[in-house]
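Visitor: I am new to this one. Could you show it to me and take a few questions?

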Amino acid sequence: MDLSVEMCERLRAAGTGRRFAAGEVLLRQGDPPTHVLLLLSGRVKVSLTTPDGQVLLAVRGPGELLGEMAVLGGDERSATVVAIEPCAAQVLEADRFRRLVRSAGLENELLRRAMRRIREGEAWRAETAALPAGPRVVRALLRLAVPGSGGPVDVGLGQSEIGQAVGLSRSVVAAELGRLREQGVVRTARRRIVITDPARLRAMAESGRGNV
């Protein structure tokens with residue numbers, strides 16, 4: 001999250017605390033923009049439902065602002081946000097959030113942030129569309145994992161969700177994860193992928209191949 005610490009504290013003070021269980025919907029695609037959320041703890045996944053199915057867009061962690069662009073633009077929610085694990089957030093009603101944004105002069109900053117995310121998403125999808133399955137899965141794991149302390153990272157997603165993010169079937173993702181598991185880079189269980197060697201996975205991504 002690239003808002004200042006001061007602004008995050010102002011948003012936190014203006015909101016009302018709420019907790020969400022794992023699997024609970026925080027924001028739903030198509031709903032009216034009645035509020036925004038400042039995520040305090042836990043991770044969420046952001047997905048889009050299209051005529052062709054569901055597309056996983058991102059994973060967000062603590063400090064992220066969720067739903068702000070719909071509130072500022074007056075549009076319906078463009079994506080669904082679901083808790084990967086138990087989460088805590090501050091809920092700010094739309095009118096109160098807009099007043100805070102105006103008083104702090106944050107309109108342009110938030111717009112730039114939204115455009116930056118759109119460009120990053122488009123570049124990532126264009127890049128992965130041109131890559132074979134191995135590098136697609138490697139880069140998806142890195143992109144969707146919320147950074148930790150440098151040790152093992154629980155991605156918090158299953159094989160089907162990784163496939164949704166990069167346009168691959170579950171069976172193909174499973175095969176690529178199997179190769180990574182054999183190399184000691186990941187550990188997998190039911191609906192769980194843990195990156196056990198983040199440094200090596202980054203080296204794989206930078207090499208442009210699915211293995212090094």
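Here is a short round of questions and answers.

Guide: This is a predicted model, where local features need pLDDT of at least 70, side-chain atom pairs count only at pLDDT 80 or more, and totals for chains, interfaces and linings use all residues. Residues are numbered from 1 along each chain as its sequence is written, and side-chain values use heavy atoms, with hydrogens and water left out.

Visitor: Which are the edge strands of the open sheet?

Guide: Strands are DSSP runs of E, at least two residues, numbered from the N terminus. Two strands pair if DSSP finds at least two bridges between them. The four strands of the open sheet follow the order β2-β7-β4-β5, with antiparallel pairing. Pairing on one side only marks the edge strands, β2 (25-27) and β5 (53-60).

Visitor: Which residue in β7 is the bridge partner of Ser47?

Guide: Strands β4 (residues 44-50) and β7 (residues 80-83) run antiparallel, joined by four bridges. For Ser47, the bridge partner in β7 is Thr80.

Visitor: Why is Leu111 called partly exposed?

Guide: Leu111 sits in helix α4; helices are DSSP runs of H or I, at least four residues. Buried means under 20% relative accessible area, exposed over 50%, and partly exposed in between (1.4 Å probe, protein chains only). Leu111 is partly exposed because its relative accessible area is 45%.
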